[in-house]
Amino acid sequence: MIRYDRETNRISLDTAHSSLQFAVREGLLLQTYSGPRLRGWAAEERAPHNDPGCWPNLLPQVCAVPGAGDQRTCALQAEFSDGSEAGELYFKSAGVSAGKYALEGLPAFHGDEAEAETLRLVLEDPMGLQVELLFGVFEDCDLITRAMRVTNTGAQPVRLRKAASLCMDLPKGPLELVTFDGDWAAERRMHRTPLRPGVQSVGSTGGIPTHAHNPAVILCRPDTGEEQGECWGAAFVYSGNFLIEAESSIAGSRLVMGIHPYHFCWTLEPGECFTAPEAALVYSDRGFGEMSHRFHKAIRGHLLRGPWADMERPRPVLINSWEAAYFDFDEAKLLRLAQAAKQAGIDLFVLDDGWFEGRNADTTSLGDWTVDYSKLPGGIPGLCEKIRALGMDFGIWVEPEAISPESRLYREHPDWALQIPGRKNLEIRHQYTLDFSRPEVVDGIWEQLRALLDSCPVKYVKWDMNRSLTHVWSAGLPAARQGEVYHRYVLGVYSLQQRLLERYPDLLLENCAGGGARFDCGMLYYSPQIWCSDNTDALDRLFIQYGTSFFYPASTVGAHFSTVPNHCTGRISSPEARMASALSGTFGYELDLTRYSAEELEQLRGYSELYRKCGRMIRTARLYRLVPPTGRGAAWMYLAEDKNEAMVFAVGDALTGGRLPLPGLNPERSYRSEEGECWTGEELSRLGLPLPRCWGDVPAVIWHLTAIDN
């Protein structure tokens with residue numbers, strides 16, 4: 001709900017449990033409150049200083065600009081035609097409408113007139129700049145979104161040097177910053193540190209978010225835990241360069257989130273408009289667990305789109321050919337793998353890298369998306385037909401943003417690669433990156449993908465992206481506009497994925513970037529699931545999926561059961577431990593099933609059936625992080641919204657505590673396991689689930705609990 005008092009120029013964005021309030025004072029738009037829901041209005045503080053000239057540096061401005069007294073980190077920095085960069089934004093108007101705003105060419109949360117409201121605040125700079133701040137309010141899931149449009153209303157060009165989507169001040173008091181950081185095969189490890197005086201930041205200049213930092217952070221009180229304490233979670237709905245800054249100063253704490261200013265310079269001619277991507281905000285006064293639940297609900301219900309946004313729809317159990325065959329395969333080998341997959345109860349066969357002409361190693365052929373007939377004599381249609389004859393659907397891997405120096409496409413169009421004239425280009429993984437800021441490049445790749453996907457009924461596409469952007473320069477833009485390339489590149493990626501979904505509306509698209517280097521809300525607008533990490537080791541996945549779970553629901557997490565020794569770590573873990581991590585995501589297999597006996601395939605079929613039985617509940621459930629991961633274990637639970645069903649997972653050291661308390665259960669019901677054991681909800685909540693003694697390397701136990709009458 002949005003309340004706007006026109007007489008006093010006070011505004012309140014109210015969700016079911018939180019409020020964000022603004023007021024206009026001396027022409028400036030100020031944030032006056034952020035916290036638990038208020039029925040009334042926050043008390044106004046007295047003037048921050050007896051000298052009004054000092055006020056700008058102390059006031060919680062909703063869109064901070066530099067050069068006119070506010071010395072803290074800013075949201076918007078514009079260079080005017082006279083070379084000045086000082087800004088002054090004054091409130092002009094406000095408007096409220098039913099339904100959620102949309103952003104042309106950009107991903108955004110969505111909601112109809114019954115689900116969301118939009119607030120439009122217009123600010124103006126006397127030098128000829130108009131800023132429209134857009135807020136979306138989703139009362140049911142406690143989500144507030146924010147985006148920004150900047151229009152040049154003057155007679156001369158204006159250059160935007162910084163255009164951050166979120167700028168908010170936090171209530172006074174000590175805060176801690178929680179970030180999710182890592183590396184390839186070790187993504188989104190949780191890090192928590194006190195917010196010290198000055199600016200702390202995470203970001204990326206690699207053209208994608210990269211493995212190093214996820215574009216989502218939490219600010220919380222020092223005593224905040226899973227079930228208690230205040231926290232503010234913010235996620236960027238964007239898949240390119242980003243910068244998140246948290247600044248603590250005498251004026252308080254400020255959080256700014258947006259496109260990274262590195263090599264960002266967007267020229268606005270008179271009358272032109274720039275739209276900054278969306279940021280999403282959730283407040284919780286009941287700890288991290290409630291914050292995560294609200295983000296999960298919002299992403300499932302208001303970010304995912306198309307038929308796969310329906311959590312009731314079963315996701316297919318898939319087998320990916322990569323770890324079974326790598327580049328060394330022919331049609332006969334793939335069909336043997338598919339036949340074994342059918343015995344294991346698998347629904348979808350995915351042909352990974354190596355299927356296109358000349359691709360026998362990772363040194364060649366990216367950009368040439370035509371089949372290698374020496375491996376597949378019947379082409380992709382022939383293989384697809386034979387897979388479907390076995391009773392499975394067919395999927396395929398592509399890497400549309402990449403180009404190999406050794407490729408037909410590069411020989412014909414060398415200027416299609418991002419590269420700076422006069423500099424030696426940098427090969428990463430023996431490849432360059434295509435210049436997706438140019439529409440003709442996007443069109444060229446689209447024609448290849450369209451021909452491929454039109455040739456046979458492909459049900460699933462894995463879209464990979466295996467390197468960061470370097471030597472960023474486009475032959476399609478003049479020198480003065482090279483600062484637009486990074487953002488235009490992301491817009492090109494979005495436009496191509498949107499084409500895929502429009503032409504093939506039932507396609508299941510899974511994004512991937514060397515594992516989890518582009519796991520963000522922007523990608524989830526186009527694909528309902530993202531490959532979480534190239535590391536499928538059961539113990540390492542405890543950390544990776546734990547950090548991922550703070551913002552992203554299990555339905556979005558690509559997780560597979562893989563072979564041992566693990567191809568990434570060499571570790572041997574129990575089937576139950578590997579199953580625990582795989583079940584806590586979209587579920588599939590990464591292994592050579594042709595090496596498995598009939599008895600082993602039948603065991604895997606049991607795992608596949610367990611996912612089919614419990615997958616819907618896991619996709620829609622509330623997550624409880626019971627025991628945070630250590631080097632040797634963790635525990636977590638998925639509880640159905642009606643509390644009639646739960647899945648409990650305990651791995652490694654989490655099995656050594658005797659009992660495992662299970663919060664959230666109905667104390668007036670009893671719960672029965674698949675093995676027939678029964679406990680009351682009160683007993684499980686207060687005393688805990690009795691843990692068995694387990695031996696061996698990385699043991700694990702999975703319980704499926706169903707509520708029964710006492």
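**Exercises on strand 17 and the cysteines**

In this predicted model, strand 10 (residues 158–170) and strand 17 run antiparallel and are joined by 6 bridges.

**Exercise 1.** Determine which residue of strand 17 stands opposite Asp169, and how many bridges join strand 16 to strand 17.

*Solution.* Start with the pairing to strand 10, where Asp169 stands opposite Arg254 in strand 17. Next take strand 16 (residues 242–249): 8 bridges join strand 16 to strand 17, and these two strands run antiparallel. One of the pairs can be named: Phe242 has Ile259 of strand 17 as its bridge partner. Finally, look at the connection; strand 16 and strand 17 form a hairpin, with 2 residues between them.

**Exercise 2.** Decide how many residues of strand 17 are buried.

*Solution.* Strand 17 covers residues 252–259. A residue counts as buried when its relative accessible area is under 20%. Of the 8 residues in strand 17, 8 are buried, and the strand is mostly covered.

**Exercise 3.** Find the number of disulfides in the whole structure, then examine Cys521 and Cys532.

*Solution.* A search of the whole structure gives 0 disulfides. For Cys521, the nearest cysteine sulfur belongs to Cys141 and lies 12 Å away. A disulfide needs two cysteine sulfur atoms within 2.5 Å, so a distance of 12 Å leaves Cys521 in no disulfide. Cys521 has a relative accessible area of 1% and is therefore buried. Cys532 is in no disulfide either: the sulfur of Cys512, the nearest from a cysteine, is 10 Å away. Cys532 has 0% relative accessibility, so Cys532 also counts as buried.

Terms used:
Residues are numbered from 1 along each chain as its sequence is written. This is a predicted model: local features need pLDDT of at least 70, side-chain atom pairs count only at pLDDT 80 or more; totals for chains, interfaces and linings use all residues. Side-chain values use heavy atoms; hydrogens and water are left out. Buried means under 20% relative accessible area, exposed over 50%, partly exposed in between (1.4 Å probe, protein chains only). Helices (H or I, at least four residues) and strands (E, at least two) are DSSP runs, numbered from the N terminus. Two strands pair if DSSP finds at least two bridges between them.
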